[in-house]
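Below are my notes on the model, as numbered points. Please read them with the structure open.

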Amino acid sequence: MNKKIISLLSILFLLSVLVASGCGGNDQPSGPASDPGPASEGEEAPESTVVKIGMVGPLSGGAATYGQSVRNGVEIAVNEANENNEIEGVVLELFAEDSEGDWSKAANAFSKLAEQDKVNVIVGGVLSSESEAGGPIIMSAQIPTISPSSTATGLTLGNPYLFRNCLSDEVQASQLAEYAVTELGLSKFAILYTNNDYGVALKNAFEETAGSLAEVLAVEAFMDNDENFKPQLTSIQQLNPEAIFIAGYYTEAAKIAQQAKEQGLDVQLLGADGFYSPVLIEIGADAVEGAIFTAGFHSGDESPAVQNFVNNYRELFNEEPDMFAAQAYDAARIVIEAIKSKGTAPEQIREGIAETENFPGITGNTSIDEEGDTIKDVLILKVENGAFDRIR
Amino acid sequence: MISAYYLQIIILVGINIIMASSLNLITGFTGQLSIGHAAFVSVGAYASALATLKLGFPFFASLLCGGLVAAFFGILIGIPTLKLKGDYLAIATLGFGEIVRIVFLNLEITGGAVGLRGIPKDTTLTWVIISVIVTLFVLYRIIRSRVGRALIAIREDETAAESMGINTTYYKILAFGVGAFFAGLGGGLFSHYFRYIQPNSFGFLKSIEYLCMVVLGGLGNIWGSVIGAAALTAIPELLRASADYRQLFYGAILVIMMRIRPEGIMGEGIFRKGNSAGDYLLSKIKIKFNK
C-alpha cells in the first residue's frame with residue numbers, strides 16, 4: 001500500500017516536472033535571443049525573417065565552463081545584433097545544444113540542429129573532438145559551421161563548410177618558441193606536456209621550432225588531473241634548462257610552477273592559451289609570477305570594443321569573460337557580418353564567412369584563409385604583480 | 001524519407017542494443033559484474049577502423065576483425081580475473097578499461113590523443129539492423145541452450161554449479177569472450193558511423209552507461225537490454241527540449257525507475273526476495289552507483 005503511494009507520488013512528481021519543463025523548454029532554445037522585444041517594439045510590422053544560429057558545446061559535464069562561456073559569448077553577439085536592428089529585417093534566434101563533452105553526443109546535437117531545427121549556421125563545437133565528429137555531418141547537411149575554440153591540427157582541411165576562429169596549437173607554440181629565442185634570449189628548453197590532443201600538438205610544434213632555433217633538452221609527459229610533478233621536474237632539473245614550456249591547462253600549470261619553486265628550479269615558465277584563467281594566479285600565487293604565455297584574448301585590453309564586451313558580459317553573467325567567450329563572440333560577429341554582406345541562406349553565409357578579411361574583432365584582426373583556418377595575431381601575455389599584462 | 005537526425009538516433013539505439021545485450025550476457029546471465037565493457041567496444045572500434053584504414057579490408061571483414069580482436073581481449077581479461085568475484089572483479093575490469101584507454105592514448109598507430117579521423121562511413125541502417133538481429137539471435141540461442149543454463153547456474157551459485165559438474169572456468173571465459181566479441185562488433189559499427197574515434201570517449205563513464213542500460217532494462221533478460229538501450233539512448237535526445245534541466249531529468253528518471261522497479265523494466269525473478277545471488281549483485285551495483 002505504502003509502496004504504491006510512493007510510486008504514484010513519484011510518477012506524479014516526474015510528470016509535473018516534465019510538463020513544467022516542457023513549457024519552459026519550448027522557449028528555452030530561442031532563449032533571450034528570440035525575446036520578441038526589439039522585433040515587436042519596432043514601429044514597423046514585425047515581418048522580419050528569422051535566422052537560426054545553432055550552438056554546440058559542453059553545457060554540462062567536466063568541460064561545462066568552456067561550453068557555457070561560448071554560449072554566453074554568442075548570446076551577447078546575438079542580443080546586440082537584435083537590439084540594434086543591425087541586419088535589416090532579420091531577427092536572430094539562438095539554439096544552444098548540449099554535448100556533455102562527449103563527441104558522439106555532439107554529433108547528435110549537430111545532426112539535430114541541421115535536420116530538425118534547420119538552423120542557418122552553427123557556432124561550435126567547442127572541444128576539438130566535437131568539431132571532428134560534427135564535421136562530416138554539417139558537410140553533408142551543407143550548414144556552415146564556425147568553431148570558436150577547436151584548435152586541433154588540420155581540423156578544417158577538406159571541409160568547405162567548417163571554419164574556426166581560433167589559432168591552431170601549432171601557430172601558438174611555434175610563435176612562442178620564436179619569441180622566447182629571439183626576444184627573451186633563451187636557448188635551453190624543457191617541455192612538459194599533458195598527454196591529450198591539445199598538449200601533444202603544442203609539444204610537437206614547440207619542439208620543432210625551438211629545436212631548430214635553439215636546444216630542447218627534455219620532453220616529459222603528464223596527465224590531466226595529476227597532482228605530483230616532482231619526478232618529471234627532478235629529471236628536468238638535472239639538465240639545467242633556462243625555461244620550461246608547459247603545454248597544458250592552468251590548474252596543472254599552477255601546480256607545476258609551485259612544485260618547481262619548492263624544488264628550487266628557477267626557470268622562465270612558458271605556456272599557451274591553456275594558461276589564460278584567473279585560476280592560474282589563484283593557485284600558482286607568486287610561483288607563476290613572470291610566466292609568459294600566448295593567448296587569443298586579453299580582457300585588460302583598453303580598446304572600447306573589448307571593454308564594451310567585458311562590461312556587457314559582467315553585467316549579464318556576473319563573471320569575467322574568458323578566451324572562449326571572446327572567441328565565441330567574435331565567431332558570432334563574423335557570422336553576422338557574413339549575413340549582412342551576403343544574405344541569410346546557409347550557402348550565402350558560408351561564402352560570407354570564407355571571404356572574411358581583416359575583421360576587427362575583440363580577439364584581434366581576423367581573416368579566414370582558403371582552408372577555413374584563422375589568420376590573426378598571437379597575443380603574448382605575462383603574469384606581473386598577480387595580473388595578466390600584454391607584452392606583445 | 002526519414003530525417004538524418006532520427007536516422008542517427010535509430011542507428012545509435014541499434015549499436016547500443018548490441019553493447020547492452022552483450023554486457024547482459026556477462027553481467028546479467030553469468031553474474032560477473034563488469035564495468036570495463038567500453039574497453040571491449042574501443043578495442044573493436046580501433047581494430048576495425050585500423051583494418052579498414054591500414055589494411056584496406058572490406059567493411060564486413062573489418063567488423064569481424066573488430067569483434068575477434070575484442071573477443072581475444074575478453075578471453076585475456078577473463079583468465080586472470082576468474083578467481084575474482086563481485087567487487088574485486090568489478091575493480092579488475094575497471095582497471096582493464098583504464099589500461100586500454102591509456103594504451104590507445106599512447107600508441108602511435110591509433111593516432112594517440114588525437115584519435116583516428118577519416119574512417120569511411122560504411123555503417124548504414126541495414127548493417128546495423130542485420131548486426132542487431134544476428135547479435136540477439138546468437139545470444140538468445142546461447143541462453144536457451146545447455147550453455148545458457150550453465151551460465152545461469154554460475155550466477156545463482158557458483159559452488160553449487162561446480163559441484164554439479166559445470167566447468168565454471170570454461171563457461172565464464174566463454175561469457176567474456178562472446179560478450180566482448182559483440183561489443184567489438186558494435187564498436188566497429190560505431191567507428192564506421194561517426195568516422196572518428198578518440199581514446200577518451202570510451203572511458204569508465206561509457207561502461208557505466210552500458211551497465212545502466214542493462215540494469216534499467218532488467219538483468220538477465222535480453223529484451224530488457226533492448227528496451228534499456230533504446231530508452232537510455234532516446235531519452236537524453238527527447239529531453240533536449242528542456243535545455244539546461246536535461247541532465248537533472250535524466251537523473252531523476254533513472255532514480256525513479258530504480259525506485260519503482262528495482263529489478264528493471266523486464267527483469268524477472270533474479271531479484272525476488274530471498275535470492276541471495278540477486279540481492280548480492282544488486283546491492284553491489286547500488287553501491288557502485290551511489291559512489
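1. In this predicted model, chain A holds an open sheet of five strands in the order S2-S1-S3-S4-S5, with parallel pairing. Its edge strands are S2 (90-98) and S5 (162-164) of chain A, each of which pairs on one side only. From one strand to the next, the twist averages 25°.

2. At the S5 edge of this sheet, S4(A) and S5(A) run parallel and are joined by three bridges. Ile146(A) stands opposite Phe163(A) in S5(A). Helix H12 (residues 323-342) of chain A packs on the sheet, where it touches S1 (49-57), S2, S3 (121-124) and S4 of chain A. The direction of H12(A) makes about 165° with that of S3(A).

3. A further open sheet in chain A has seven strands, and here the pairing is mixed. The strand order is S7-S6-S8-S9-S10-S14-S15. Strands S7 (215-222) and S15 (387-390) of chain A are the edges, each pairing on one side only. The twist in this sheet averages 25° from one strand to the next.

4. At the S7 edge, seven bridges join S6 (residues 188-194) of chain A to S7(A), and the two strands run parallel. Within this pair, Ala190(A) stands opposite Ala218(A) of S7(A).

5. Which strands does helix H6 (residues 169-182) of chain A lie across? They are S8 (243-247), S9 (268-271), S10 (292-295) and S14 (379-384) of chain A, and the helix runs at about 145° to S10(A). Helix H8 (residues 230-237) of chain A lies across S6, S7 and S8 of chain A, at about 170° to S7(A).

6. H6(A) also meets helix H7 (residues 197-213) of chain A: their axes come within 8 Å and cross at roughly 35°. The crossing is right-handed. On the H6(A) side the contact includes Ala173(A), Leu176(A), Ala177(A) and Val181(A), and on the H7(A) side it includes Ala201(A), Leu202(A), Ala205(A) and Phe206(A). Charged residues take part as well, among them Asp169(A), Glu170(A) and Glu178(A) of H6(A). By class, the residues of this contact divide into 11 nonpolar, two polar and three charged.

7. Two hairpins follow one another in chain A. Strand S11 (residues 359-361) and strand S12 (residues 364-368) of chain A run antiparallel and are joined by three bridges. The hairpin between S11(A) and S12(A) passes through two residues, and Gly361(A) has Gly364(A) in S12(A) as its bridge partner. S12(A) is in turn joined by two bridges to strand S13 (residues 374-375) of chain A, again antiparallel. Here the bridge partner of Ile368(A) is Thr374(A) in S13(A). Five residues lie between S12(A) and S13(A) in this hairpin, and Gly372(A) in the turn has a positive phi of about 85°.

8. The domain assignment of chain A gives domain 1 as 32-167 + 304-375 and domain 2 as 170-295. Taken over C-alpha atoms, the centres of the two domains are separated by 32 Å. How many residues of each domain are in contact with the other? Domain 1 of chain A supplies eight and domain 2 of chain A supplies 11. On the domain 1 side, the residues divide into three nonpolar, three polar and two charged.

9. The contact between the chains takes 34 residues from chain A and 31 residues from chain B. In chain B, helix H1 (4-29) and helix H11 (246-260) each supply at least two residues of the side that touches chain A. H11(B) gives the most to that side, with eight residues. The chain B side divides into 16 nonpolar, seven polar and eight charged residues.

10. On confidence, chain A averages a pLDDT of 85, with 88% of the residues scoring at least 70. Among the elements of chain A, strand S4 (residues 145-147) has the highest mean pLDDT, 95, and helix H2 (residues 37-41) has the lowest, 42. Over residues 14-45 of chain A, pLDDT stays under 50. For that stretch the model has 38 contacts beyond four places in sequence.

Technical notes
Residues are numbered from 1 along each chain as its sequence is written. Chains are lettered from A and ligands numbered from 1 in the order in which they are written. This is a predicted model: local features need pLDDT of at least 70, side-chain atom pairs count only at pLDDT 80 or more; totals for chains, interfaces and linings use all residues. Two strands pair if DSSP finds at least two bridges between them. Helices (H or I, at least four residues) and strands (E, at least two) are DSSP runs, numbered from the N terminus. Two residues are in contact if their C-beta atoms, placed from the backbone, lie within 7 Å. pLDDT is the predictor's confidence in each residue, from 0 to 100. Domain bounds come from an automatic or database domain assignment. Axes are lines fitted to C-alpha atoms, for helices over the stretch in contact, and angles run from 0 to 180 degrees between N-to-C directions. A crossing is left-handed if the near helix is turned anticlockwise from the far one by less than a right angle, and right-handed if clockwise.
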